[in-house]
Amino acid sequence: MPKESKQISFTLELPKHLVVSLNAIYAGSHWRKRQQIKQGYLALTKGLFAGLKERYGAFDEPCEIAFDFSGTRIFDCDNHVYMGKMIQDCLVAAGIITDDTAKHLAKVSYAKSQKQKGQKGVVVKVEIRGVNG
């Protein structure tokens, strides 16, 4: 009987200063600004990810991540890649996924959804699923 894959889902509300498009990075953001953004993501996710790791443990198998962005400042799907990368780096830093290399991360997907009534800012729903290979 195949081993059942682990799955984690969570939602993050991104503060305005962490909503950055890939275009903005390619336009020449200074390395110090990129570092500030990374530190902001680490601060935003530290408590949540520590709780998720305690509750679910780390993924010991390859996994896939699905990002679904919605909100007041929504970009083309491919412009969300930078924010997704920041979240992936935080998942690695928290020890939820071993690494974000192809060996450990089999697939990453991006979607955008309509803003929900009463929603302020940008919200990202994240789902991580183990991939039995």
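How far is the sulfur of cysteine 90 from the closest cysteine sulfur, and in which residue does that sulfur sit? The gap is 15 Å, and the partner at the other end is cysteine 63, so the two are too far apart for a bond. Looking from the other side gives a matching picture: for cysteine 63, the closest cysteine sulfur is that of cysteine 90, again at 15 Å and too far for a bond. A search through the whole structure turns up zero disulfides. Keep in mind as you look around that this is a predicted model.

Both cysteines are tucked away from the surface. Cysteine 63 has a relative accessible area of 1%, so it counts as buried. Cysteine 90 is buried too, with a relative accessible area of 3%.

Now move on to glutamate 64, which has its place in strand β2, the stretch covering residues 63-71. Is glutamate 64 buried or exposed? It comes out at 18% relative accessibility, and because the cut-off for buried is under 20%, glutamate 64 counts as buried. Leaving aside residues up to four places away in sequence, glutamate 64 touches Leu105, Lys107, Glu127, Ile128, Arg129 and Val131.

One of those neighbours deserves a longer look. The side chain of glutamate 64 makes a polar contact with the side chain of arginine 129, at 2.8 Å. The two also form a salt bridge, with their closest N and O atoms 2.8 Å apart. This pair links distant parts of the chain: glutamate 64 is in strand β2, while arginine 129 is in strand β4 (residues 122-130), 65 residues apart. Arginine 129 has a relative accessible area of 23%, so it is partly exposed, whereas glutamate 64 counts as buried.

How many salt bridges are there in total? The count comes to four. Next, pick out lysine 85, which takes part in a salt bridge with aspartate 89, the closest N and O atoms being 3.0 Å apart. Why is this pairing easy to trace on the helix? Lysine 85 and aspartate 89 are four residues apart in helix α3 (residues 81-93), so about one helical turn separates them. Aspartate 89 counts as buried at 18% relative accessibility, while lysine 85, at 32%, counts as partly exposed.

Lysine 85 has another partner as well. Its side chain meets that of aspartate 100 in a salt bridge, 2.6 Å from N to O. Here lysine 85 is in helix α3 and aspartate 100 is in the loop between α3 and β3, so the pair ties together parts that are 15 residues apart in sequence. Aspartate 100 is partly exposed, with a relative accessible area of 22%. Elsewhere, salt bridges that share partners join Glu64, Glu127 and Arg129 into one network, which brings us back to the glutamate and arginine we met earlier.

Let's turn to the aromatic rings. The structure holds three aromatic pairs. One of them is made by phenylalanine 67 and tyrosine 110, and it is stacked, with 5.1 Å from centre to centre and 20° between the planes. Where do its two members sit along the chain? Phenylalanine 67 is in strand β2 and tyrosine 110 in strand β3 (residues 105-112), 43 residues apart, so this pair links distant parts of the chain. Phenylalanine 67 is buried, at 2% relative accessibility, whereas tyrosine 110, at 24%, counts as partly exposed. With Phe69 added, Phe67 and Tyr110 form one aromatic cluster.

Another ring has a charged residue for company. Lysine 6 lies over the face of phenylalanine 59, at 5.1 Å from the ring centre.

The last stop is lysine 38, found in helix α2 (residues 31-56). It counts as partly exposed, at 31% relative accessibility. Setting aside residues up to four places away in sequence, lysine 38 touches Met86 and Asp89, and that aspartate is the salt-bridge partner of lysine 85 from before. What separates lysine 38 from tyrosine 110? The two are 72 residues apart along the chain, and their C-alpha atoms are separated by 20 Å.

Terms used: Residues are numbered from 1 along each chain as its sequence is written. This is a predicted model: local features need pLDDT of at least 70, side-chain atom pairs count only at pLDDT 80 or more; totals for chains, interfaces and linings use all residues. Side-chain values use heavy atoms; hydrogens and water are left out. Buried means under 20% relative accessible area, exposed over 50%, partly exposed in between (1.4 Å probe, protein chains only). A polar contact is a pair of N or O atoms within 3.5 Å; within protein, one must be able to donate a hydrogen and the other to accept it, and residues adjacent in sequence count only if both atoms are side-chain atoms. Contact means heavy atoms within 4.5 Å. Rings of Phe, Tyr and Trp (its six-membered ring) pair if their centres lie within 6.5 Å; planes under 30 degrees apart count as stacked, over 60 as edge-to-face and the rest as tilted. A charge sits over a ring if NZ of Lys or CZ of Arg is within 6 Å of the ring centre and within 35 degrees of the ring normal. A disulfide is a pair of cysteine sulfur atoms within 2.5 Å.
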